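The following report looks at one protein chain, first through a single helix, then through a pair of helices, and finally through the confidence of the prediction. Please keep the sequence and the structure in view while reading.

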Amino acid sequence: MEPMTAEELERKKKKEEKAKEKEAKRLKALQKQEAAKLQAAQKASNVSKKSEKKVMKRGGEDENPQDYVDPATAGGEKKQLSSQMAKQYNPSLVEKSWYQWWENSGFFVADAKSSKPPFVVVLPPPNVTGALHIGHALTAAIQDTIVRWRRMSGYNTLWVPGMDHAGIATQACLLLMSPSIFIYSFFHFVDIWSIFSSDKVVVEKKIMRERKLTRHDIGRERFVSEVWKWKDEYGGTILDQERRLGASLDWSRECFTMDERRSKAVTEAFVRLHREGLIYRDYRLVNWDCVLRTAVSDIEVDHKDIKPRTMLEVPGYEFPVEFGVLTSFAYPLEGDLGEIVVATTRIETMLGDTAIAIHPEDRKYTHLHGKFAIHPFNGRKLQIICDDILVDKEFGTGAVKITPAHDPNDFEVGKRHNLEFINIFTDDGKINSNGGSEFEGMPRFKARAAVIEALRKKGLYRGAEDNEMSLGVCSRSNDVIEPLIKPQWYVNCTVMAKDALDVVFDDDKRKIEIIPKKYSAEWKRWMENIRDWCISRQLWWGHRIPAWYVTLEDDQLKEFGVYNDHWVAGRNEEEAQLQANKIFAGKKFHLAQDPDVLDTWFSSGLFPLSVLGWPEDTEDFREFYPTSVLETGHDIIFFWVARMVMLGMKLGGDVPFRKVYLHPMIRDAHGKKMSKSKGNVVDPLEVINGISLEGLQKRLEEGNLDPNELDLAKKQQVVDFPNGIAECGADALRFALVSYTAQAENINLDIQRVVGYRQWCNKLWNAVRFAMTKLGDDYTPSTDLVLETMPFSCRWILSVLNKAISKTVSSLDSYEFAEASTAVYYWWQFQLCDVFIEVIKPYFAGADPKFDSARSAARDTLWICLDNGLRLLHPFMPFVTEELWQRLPKTSGSCLKESIMISEYPSVTKKWTNETTESQMDLVEGIVRSLRSLRSQLSPNERHQRRPAFVVCRTDKSEIIKTYELEISTLASLSSLEVLGEYDTRLAECGLEVVNEEITVYLELRGALNTEAELEKLRKRREELQKQHENLKQMMSVAGYKQKVAEHRQNEDVAKLEKLMRELNVIEERASNLERVIAGGK
């Protein structure tokens, strides 16, 4: 890694000092909080007589509440744990302190000199203005899971954090959200940030609105300076929030797309591509934002579907503007040929019309071929042109007005027919002189009404009707996008796109795998239909384009930028001067740098290169490029992923990553897109920390929602979160998000699922609490297991642990995160907690010598399970696993790791695998499930009574059942268990449940048997089995079955048929016995 620049060191120093102050305050507050809690607990203990009498299980001493409180931990030091585990899991207490210790210990830092294989991920750089949203949380959860797993698996992991300067977002934030405040600070020499807490804001806004000041009144230098000040003071909040999620990023390599090194990379990339002819300047149609006065990219344009006529608020307009209306009007034809009627949803653009298009085969207009219409406001002659590409002769009047300078389709028509391109708008959306003196200076949507009125006066207005349309709106400013012709810089993507296509699809050149595979088709569609990329923006905040315009002394036109061949690129002005001297040798000229900045996606597209030191040949670049995987949302596969691949291959000499994992988009629980305008956005910090319904609604009220939308959003919150959101913690949120990735396109996020995983954390907590009481204070773990002498349950849990490890690792390796999380969850929940921990409890119920060996083996197995299980779970839930793992007794030896996150990830131990034991436990669990089902049918006051149970077995498995009588009795809460013959009279007063065709279980009900109800249950089961039997038999008798169905499938069907018949026989026999009981009773 290269040393930091003086500027970067100074910023880092300030940041560290601020962090120390913050930590000192936090520690002081924490100590007060813990003291208050302890005082309250002690007071409650003194008051409660019950608490005074309560004794601890170990040692018989009185409980001391202080023993359950974690001592205060100084910032960055290893967390101090209480002497006794708290009785319940508390996410806020568990998740504090660990992260700072991990970071300070250097556990996140990658070593470019390491001999370990590298694994590299670049965090998609969030906007500097941003705050954590649920999409960021999903990205962090998935990436941290991958990175922690790889780190524990022996890789030299590098996860690079960074921030995007977010040109448009930042400038919009500072100028649109509070333009008057921002501008006021310049003219009154007031700290902009102190104003936000002032009561004078409303007055100041009014003053600035009346003065109508803009960023142009402020000046570029002062504006950019103030933005840098904002960035240094307040930017990057989101990266601190990533820490709250547990993201193990290498903060020593934190970068910013506009820091010195990244800026150098951007300049280098532009200059190289320009000199190769891949970057050029041209006049083309762009998405123009009249509020921000810049071109914006397609991803920054939201498309609103307008169906009926709709009134919308538009920035800069006092009253709403109507959209979704198709207005018809007539153009007079030259030579007394009458008129031709056209229609448009943007009537104001007729001021820039230069032609009228008809279909060449439309007979009603044959007489107009080559003729002209006359513009009613300026007398301009509009050629009648024939175009079979644009015009549908069956639609409307079959005639289309053509405005080449303000419509994408018309632009193409203009190029095909060599039409005049007339721009009628100023940069801020007013009509310019080309629109005529009658309308000049009018805002475009006021001009809309004025044009209609003027057409009425001339008798040319022909009416209006509703028209469904898609309206482009800037996501940053909420302004309606205006297509404008502007001179812009473009990247020629044709060849680079072909190369990017080949590395995904060409067998000989394939280097990138896209996951899920279905998005490869999306990649192909984009790459095969790619257009040149507009990379210039008319902003001040961003990388200024390193191109200078050369104005020659003998140029006929002196307007800046008028000649596209007069541009030179350079790494600085001196280099540009040298270039100009070569190109325009012997001529006198003047140089001026382009005032525009580069598209934010240009610097983001270089991110995998620039974060590793390119264009310098750094140690990081040599060791870590290409990176391993790019993980991001599928919605930016083109805007970011494709551009990184194109630029990485062109400039870095190789693809920037080997795999691309595209995660789903998060929607609300009802499947609706999350949007601030809808008020259904979920703040991950509110899920982590918890929030009341009142808090949720207050956040809505503080937003900018329309009153109607606010009312709807608040009502929906009452339905979705009647009690607010419970405190879930980062671990539960992470696990829920990762488990949701099975939903490929979209995630319908139900917060109750997160709450469920928070409750599951409590189960893990209690499992370790139980273990600590059984292991004892003096326990030393032993990993030298003698499997042959171990209890059945111990051999089984180790075998299924092997399977859980294998499934988790293989799923992580194939980026099937939902399957990986399911494998871990299933083992912990249904095998360790629900079975193993329950089944070993009899060993610890007393000091019976017959259980000495089993008790010892159970201790060792329990420790191994918890140690492996916590390490298996750690990448998904880093905080709770660290805390619980730190509490486990440690093995002796030099291999002991300081933290779970740098311990080895579990691997399969072959000798643990025992298929026979697993098969036998499957039988045990099947019997237990059936017995529990019988118990659940009892009345509530009888369900917890231990009762005798019996098993009727029709195969040689009766010995297995007898062998594991203790396990079955323990798990099913039985007083006893016997294997009986089918006709034993003791079965008559029992409830029955069929386990399978070979085994039936009976639970003694001691007079609680409702024979009529039992008989009805058997009748329903018989009907169900008979239906299955008939359906299967009918399927097997269909013509062609024996010829078309594979032999092994036919054998399976025969076996199913026999199984159904055996179970039917059991049901019939039991029903007959009950009927005899009923008859005898009568």
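How many residues does helix α30 have, and how far does it reach from its first C-alpha to its last? In this predicted model, helix α30 covers residues 852-873, which makes 22 residues, and it spans 31 Å between its end C-alpha atoms, close to the 32 Å expected at 1.5 Å a residue. Because 18 of its 22 residues are buried, α30 is largely enclosed by the rest of the structure.

A second view is offered by a pair of helices. The axes of helix α27 (residues 751-775) and helix α31 (residues 878-887) come within 11 Å and cross at roughly 0°, so the two are roughly parallel to each other, the cut-off for that term being an angle under 35 degrees. On the α27 side the contact is made by L764, W765, V768 and M772, and on the α31 side by V880, E883, L884 and R887. Sorted by class, this contact has six nonpolar residues and two charged ones, with no polar residue.

Confidence should be weighed alongside these descriptions. The protein chain averages a pLDDT of 87, and 88% of the residues score at least 70. Among its elements, strand β2 (residues 156-160) has the highest mean pLDDT, 98, whereas helix α8 (residues 192-195) has the lowest, 34. Two stretches with pLDDT under 50 are listed here.

| Stretch | pLDDT | Contacts beyond four places in sequence |
|---|---|---|
| residues 34-60 | under 50 | 27 contacts |
| residues 176-211 | under 50 | 54 contacts |

Where pLDDT is low, the predicted coordinates should not be read in detail.

Terms used:
Residues are numbered from 1 along each chain as its sequence is written. This is a predicted model: local features need pLDDT of at least 70, side-chain atom pairs count only at pLDDT 80 or more; totals for chains, interfaces and linings use all residues. Side-chain values use heavy atoms; hydrogens and water are left out. pLDDT is the predictor's confidence in each residue, from 0 to 100. Helices (H or I, at least four residues) and strands (E, at least two) are DSSP runs, numbered from the N terminus. Contact means heavy atoms within 4.5 Å. The expected span of a helix is 1.5 Å times one less than its number of residues. Buried means under 20% relative accessible area, exposed over 50%, partly exposed in between (1.4 Å probe, protein chains only). Axes are lines fitted to C-alpha atoms, for helices over the stretch in contact, and angles run from 0 to 180 degrees between N-to-C directions. Angles under 35 degrees count as roughly parallel, over 145 as roughly antiparallel, 65 to 115 as roughly perpendicular and the rest as oblique. Ala, Val, Leu, Ile, Met, Phe, Trp, Tyr, Cys and Pro count as nonpolar, Asp, Glu, Lys and Arg as charged, and the others, Gly among them, as polar.
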